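This report walks through the chains in turn, beginning with what a database record says about them. Please keep the sequence and the model side by side while reading.

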Amino acid sequence: MPARLPARRLVRALACLALTALAATACGKDGSPPVKGPSAEDLPKYEIAQGFQLADSTTWTKAKRRGRLVVGVKEDQPYLGEKDPASGSYSGFDIEIAKMMSASLGFDPKTIQYKTIASANRETALQNGQIDYYVGTYTINDNRKKLVGFAGPYYQAGQSLLVRKDEDEIKGPDDLAGKKVCSAAGATPYQRIEADYPKADLVAYDTYSICVDNLLTYQVDAVTTDDAILQGYAAKVPDELKLVGKPFSEEPYGIGVPRKDNALRFALDDALARHEKNGDWKKAYDVTLGLSGVPAPKPPPIDRYPAS
Amino acid sequence: MNVLTDNFSTYGKGFLGTVELTVYASLLALVLGFVMASFRVAPVGSFRVFGTVWVTVLRNTPLTLLFFAVLLGLPRFGLVLPFKVFAILALGCYTSAFICEALRSGINTVPKGQGEAARSLGMSFGQTLNNVVLPQAFRSVIPPVGSNLIALAKNSAIAGAFSVTELLGTYKTLNELGYSIIWTFVWIALGYLIITLTISAVFNFMEKRWGVAR
Amino acid sequence: MTATTHEESSALYDIPGPAARKRHFAYGALSTLLILGLAAWILYLLFDTEQFTATKWTPFEYEGIQELLLTGLGNTLKAFAMAAVLSLVLGTLLAVGRLSDHKPVRWLATLIVEFFRAMPVLVMIFFIFVALKVQPLPALVAGLTLYNGSVLAEVFRSGINAVERGQREAAFALGMRKTQVMTHVLVPQAVRAMLPAIISQLVVALKDTSLGYLITYEEFLHAGKLIASNLDYDLPFIPVVLVISPIYIGMCMLLSWFATWVSKRQRRSPKTEAVDVAPAEPGTLLPGPQ
């Protein structure tokens with residue numbers, strides 16, 4: 001079949017193009033592109049507890065033997081838990097909390113091994129010991145308490161709305177009638193809008209970053225989820241996005257720990273209380289979420305529920 | 001078991017979402033596929049090149065990448081459309097490349113002599129096409145077009161992973177509500193089986209009725 | 001199917017005469033202009049929406065980003081290699097099951113093959129990932145293996161059945177046992193003839209590795225998304241697509257092209273004369289009796 005020749009030529013041409021693209025990536029500038037936010041030197045330093053012992057905690061003893069902690073986090077939430085695509089390093093308020101806890105448990109925060117865990121897998125990761133604890137916009141609720149333990153809460157979030165800067169019609173959840181509102185598919189904020197504000201035109205995507213992308217390209221009019229997450233986005237592009245209205249739910253964020261490990265949970269509760277008192281908590285907030293312009297709130301009271 | 005009875009409306013919505021997506025995307029794929037197939041057998045060179053590029057590129061693009069590109073790329077040109085339309089566009093264009101190939105090979109199965117004979121009888125182009133070539137081609141393309149449409153129905157699950165009103169997407173809601181995840185998936189699987197087996201049955205019937213008897 | 005059709009007649013068109021040739025040339029010129037115009041318009045849109053500004057492209061200059069993309073590509077290829085090998089193994093096992101002399105074995109193998117071919121591969125991947133709580137890479141590989149293995153089982157079975165009946169009968173008449181007939185006579189011929197179909201199915205597996213993106217497996221598309229959705233880089237979405245899609249498409253095309261090349265060689269080879277294999281079907285075969 002000589003007639004097929006041009007198709008083959010096309011194939012070859014495109015293959016060459018792909019190879020050139022590959023070859024072109026083999027050379028480049030050192031390091032990573034500049035990012036917004038505080039540089040590493042501006043971040044607060046936490047005092048590492050010397051000679052700290054927690055023999056009752058299996059998680060802690062295992063980590064001590066390993067020589068470092070493994071912490072589950074998120075990778076796509078600006079100023080909470082965000083992974084720099086280029087350097088692979090993590091930053092944000094949740095990461096600062098993880099570092100504080102690590103310092104109090106006697107591990108140098110620099111040695112923490114971060115692991116991105118998808119929301120759907122948080123419980124499993126804690127149950128089968130893939131991670132020592134989890135810090136990533138993890139709302140404490142009774143259903144989850146059956147599966148994992150929660151230290152904290154370390155932050156009080158609430159569902160809110162993110163809109164474009166030039167938006168002046170939406171001032172709160174009551175103005176959502178007929179507006180396109182985006183949230184993560186199936187998640188609690190989505191179901192709340194569906195139940196309480198049925199007139200809103202709901203759009204769902206698997207991640208909030210697609211929602212924010214859609215907000216910026218005028219596909220949707222608002223994005224709704226916990227205000228902490230929204231603040232992070234607003235802080236990245238303050239000229240284009242803003243938060244509106246008062247939070248209309250309560251989402252206490254906790255540190256997820258293996259359910260059986262009460263010793264670790266109480267140790268983290270104590271550590272949290274100490275860092276809130278000595279100002280570390282506020283410093284951590286100011287260099288991360290605080291960049292959105294929202295002043296540091298008072299940390300919520302720690303719920304030191306008894307071992308069960 | 002009560003996963004289904006408690007959430008019948010959620011499942012129903014998801015099921016209908018998948019059906020709707022499949023039907024519209026199938027129509028788009030059939031129309032586009034037909035257009036591209038006629039381009040690929042046209043006597044004009046640039047049409048053929050266009051058809052070939054369309055087919056080669058789309059057949060070798062991962063559907064997830066295409067979804068990603070359509071879903072987040074087109075809005076960058078100021079296009080504002082609901083997600084469902086984007087999903088139909090992505091699915092329809094992707095499948096059209098496969099349909100095009102099925103139709104083209106169907107036309108190629110018609111022996112050259114048939115067309116020559118028709119023309120020598122004085123038939124016009126339209127007559128040759130309608131009375132000689134297409135009826136024969138149609139018969140031999142039923143099974144491949146059928147399997148492509150089944151593949152489309154199955155691929156619509158990718159749309160569900162991006163957004164919610166689709167069968168696979170229902171698992172997110174039910175998972176958050178704390179239902180047994182295994183049973184949730186059993187019912188989702190059953191939903192897909194119903195859809196794919198229905199398409200299969202329709203095409204088996206068509207095949208029996210009009211299938212190749214040459 | 002291109003250049004030379006001008007000179008030959010086909011079922012649809014006669015050999016064009018001088019007038020028709022002129023007409024075709026005019027159509028050709030007109031449509032080329034139209035296509036070029038379309039391309040120019042798209043290019044204009046790209047420039048107009050500022051997709052070629054420096055901020056959107058600079059991330060690619062840094063080694064960190066390039067490493068991220070290369071790691072992603074490596075992970076894609078890793079998942080593909082694992083899924084390809086395992087699908088071939090599973091396909092062989094299931095095909096053996098379907099060709100078995102024992103009814104229950106045959107019945108079970110048929111059930112498995114038909115079920116997994118009728119199920120969307122993504123539903124399987126999500127089931128393994130979400131319900132069985134498996135890590136992303138094994139979940140992706142397992143899902144791809146179940147689906148592609150089942151399709152390959154059908155390919156193998158039809159390949160074996162396509163070997164001329166006389167060959168099998170002659171082998172049995174020589175007193176060979178069933179295993180011997182299979183390994184010495186049928187399989188060597190069938191495998192050569194099936195190679196194009198097998199490679200085409202592997203293209204499907206390669207394309208489907210991108211589904212890993214949906215279950216947070218850090219493959220190529222995931223790396224691209226991480227860059228594209230970064231607000232610090234001004235959401236360089238179009239640049240990311242322009243960089244990663246040629247690589248994806250190129251890889252798949254190379255593999256598809258290899259399949260066509262093999263099938264052309266096969267057609268000339270005397271070793272596969274006795275086998276008449278249908279061309280590889282894209283996507284799924286039609287389940288149910290045919």
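UniProt positions are given here in the numbering of this structure, with feature names shortened, and such annotations may be inferred rather than shown by experiment. With that in mind, the annotation "transmembrane region", from an unreviewed UniProt entry, covers residues 21-41, 53-74, 81-99 and 181-206 of chain B.

The model is a predicted one, in which local features need pLDDT of at least 70 and side-chain atom pairs count only at pLDDT 80 or more, while totals for chains, interfaces and linings use all residues. Residues are numbered from 1 along each chain as its sequence is written, and chains are lettered from A and ligands numbered from 1 in the order in which they are written.

Two further annotations come from unreviewed UniProt entries: residues 68-292 of chain A are listed as "domain: Solute-binding protein family 3/N-terminal", and residues 73-259 of chain C as "domain: ABC transmembrane type-1". The table describes annotated spans, with helices (H or I, at least four residues) and strands (E, at least two) taken as DSSP runs numbered from the N terminus.

| Span | Helix | Strand | Distance between end C-alpha atoms |
|---|---|---|---|
| Residues 68-292 of chain A | 33% | 27% | 32 Å |
| Residues 21-41 of chain B | 95% | 0% | 30 Å |
| Residues 81-99 of chain B | 89% | 0% | 26 Å |
| Residues 73-259 of chain C | 81% | 0% | 22 Å |

Where chains B and C meet, residues count as in contact if their C-beta atoms, placed from the backbone, lie within 7 Å, and the contact takes 61 residues from chain B and 51 residues from chain C. On the side of chain C, the elements giving two or more residues are helix H1 (18-48), helix H5 (121-131) and helix H10 (237-268), of which H10(C) gives the most, with nine residues. That side divides into 32 nonpolar, 16 polar and three charged residues, where Ala, Val, Leu, Ile, Met, Phe, Trp, Tyr, Cys and Pro count as nonpolar, Asp, Glu, Lys and Arg as charged, and the others, Gly among them, as polar.

Within chain C, the axes of helix H3 (residues 63-98) and helix H9 (residues 220-228) come within 7 Å and cross at roughly 155 degrees, the axes being lines fitted to C-alpha atoms over the stretch in contact, with angles from 0 to 180 degrees between N-to-C directions. H3(C) is therefore roughly antiparallel to H9(C), a label used for angles over 145 degrees. Their contact has seven nonpolar, four polar and no charged residues, among them Leu68(C) and Thr76(C) of H3(C) and Phe220(C) and His222(C) of H9(C).

How values were computed:
Contact = placed C-beta atoms within 7 Å. Parallel < 35°, antiparallel > 145°, perpendicular 65-115°, else oblique.
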